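Colleague: Please take a close look at a single part of this model and go through it residue by residue. Then say what lies around that part in the rest of the chain.

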Amino acid sequence: MLIPWRKVDAWTCLRCFYCCVEYNVYLTSWEAEWISRAYGIHIELTPKGWRLKRAGEPCPFLRRDQYGRSYCLINMDKPRACVSFPFVITRRPLRGESDKLAYYPTGRDRGVYVYVRDDCPGVGRGVPLEKALRRTLIKLGYMRRVA
Ligand code: SF4
Ligand code: SF4
């Protein structure tokens with residue numbers, strides 16, 4: 001289920017890699033081109049866009065180290081879809097114009113609507129949500145870091 005961000009108090013990534021198995025991962029066209037060239041893997045073009053992996057199947061970049069810990073092989077080149085998880089960030093509200101609990105101002109007269117996927121085990125834990133969200137929005141280029 002998607003919850004407006006203001007209704008969630010905290011989030012931290014527990015590195016459980018649930019999202020790397022249970023979700024479809026779609027890429028932008030430039031990510032699809034870059035990742036397929038750099039890593040030599042086929043990216044499928046579906047009616048919904050470039051799909052790195054299907055829901056329910058492990059990502060081809062998910063690996064395990066000698067201690068049984070999972071990690072992402074392309075951590076430095078992680079697609080935007082992975083960087084943004086568990087947030088769903090949209091320019092338009094998903095539930096009508098009055099969806100104020102989802103609005104996040106990203107600059108003067110600008111903002112986005114943000115929802116949180118409640119099946120991520122890190123939801124409700126660790127860092128205050130606004131701090132984690134702000135960090136994600138800066139990483140994705142929706143807003144600038146303020147010195
Ligand atoms: S499901 Fe949530 S806690 Fe687990 S790796 Fe993904 S973002 Fe992190
Ligand atoms: S690219 Fe990395 S973070 Fe994204 S689904 Fe694959 S293993 Fe997970």
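Modeller: Helices (H or I, at least four residues) and strands (E, at least two) are taken here as DSSP runs, numbered from the N terminus. The model is predicted. The part I have chosen is the shell of ligand 1.

That shell includes a run from Cys13 to Cys19, made up of Cys13, Leu14, Arg15, Cys16, Phe17, Tyr18 and Cys19. Phe85 and Pro86 also belong to the shell, as do Cys120, Pro121 and Gly122. By class, 10 of the residues around ligand 1 are nonpolar, one is polar and one is charged.

Leu14 sits in the loop between β2 and α1. Leu14 is partly exposed because it has 13 C-beta neighbours inside 10 Å, where 12 or fewer would make a residue exposed and 20 or more buried. Beyond four places in sequence, its contacts are Pro121 and Gly122, and both of these are also in the ligand 1 shell. The C-alpha atoms of Leu14 and Arg135 are 16 Å apart, with their places 121 residues apart in sequence.

Arg15 is in the loop between β2 (10-11) and α1 (19-22). The phi angle of Arg15 is positive, near 55°, although the residue is not glycine. Its count of 12 other C-beta atoms within 10 Å is why Arg15 is classed as exposed.

At Phe85 and Pro86, the peptide bond joining the two is cis, with omega near 10°. Pro86 lies in the loop between α3 (80-84) and β8 (87-90).

Another positive phi lies outside this shell: Asp109, also a residue other than glycine, has phi near 55°. The loop that holds Asp109 runs between β9 (103-107) and β10. Asp109 is exposed because 6 other C-beta atoms lie within 10 Å of its own.

Arg125 belongs to strand β11, residues 123-128. Arg125 has 13 other C-beta atoms within 10 Å, so it is partly exposed. Leaving out neighbours up to four places away, Arg125 is in contact with Ala10, Trp11 and Thr12. Its C-alpha atom is 8.1 Å from that of Asp9, and the two residues are 116 apart along the chain.

Now the core. The largest nonpolar core holds 15 residues, and Trp5, Val114, Val116, Leu129 and Leu133 have the most contacts inside it. Two or more residues of this core come from each of β10 (110-117) and α4 (129-139). Five residues, the largest share, are supplied by β10. Val114 touches Trp5, Phe87, Ile89, Ala102, Tyr104 and Leu133, apart from residues up to four places away in sequence. A separate core has 10 residues, including Cys20, Val25, Ile35 and Ile43.

Cys20 and Val25 are also found around ligand 2. The other residues of that shell are Cys59, Phe61, Leu62, Cys72, Ile74, Lys78, Pro79 and Cys82. By class, the ligand 2 shell has nine nonpolar residues, no polar one and one charged one.

As for domains, the assignment gives domain 1 as 1-15 together with 85-147, and domain 2 as 24-74. Their C-alpha centres are 24 Å apart.

How values were computed. Residues numbered from 1 in each chain as written. Chains lettered and ligands numbered in written order. Predicted model: local features only at pLDDT ≥ 70, side-chain atom pairs only at ≥ 80, totals over all residues. Near = placed C-beta within 6 Å. Nonpolar A, V, L, I, M, F, W, Y, C, P; charged D, E, K, R; others polar. Core = buried A, V, L, I, M, F, W, Y, C linked by C-beta atoms within 7 Å. Contact = placed C-beta atoms within 7 Å. Domains from an automatic or database assignment.
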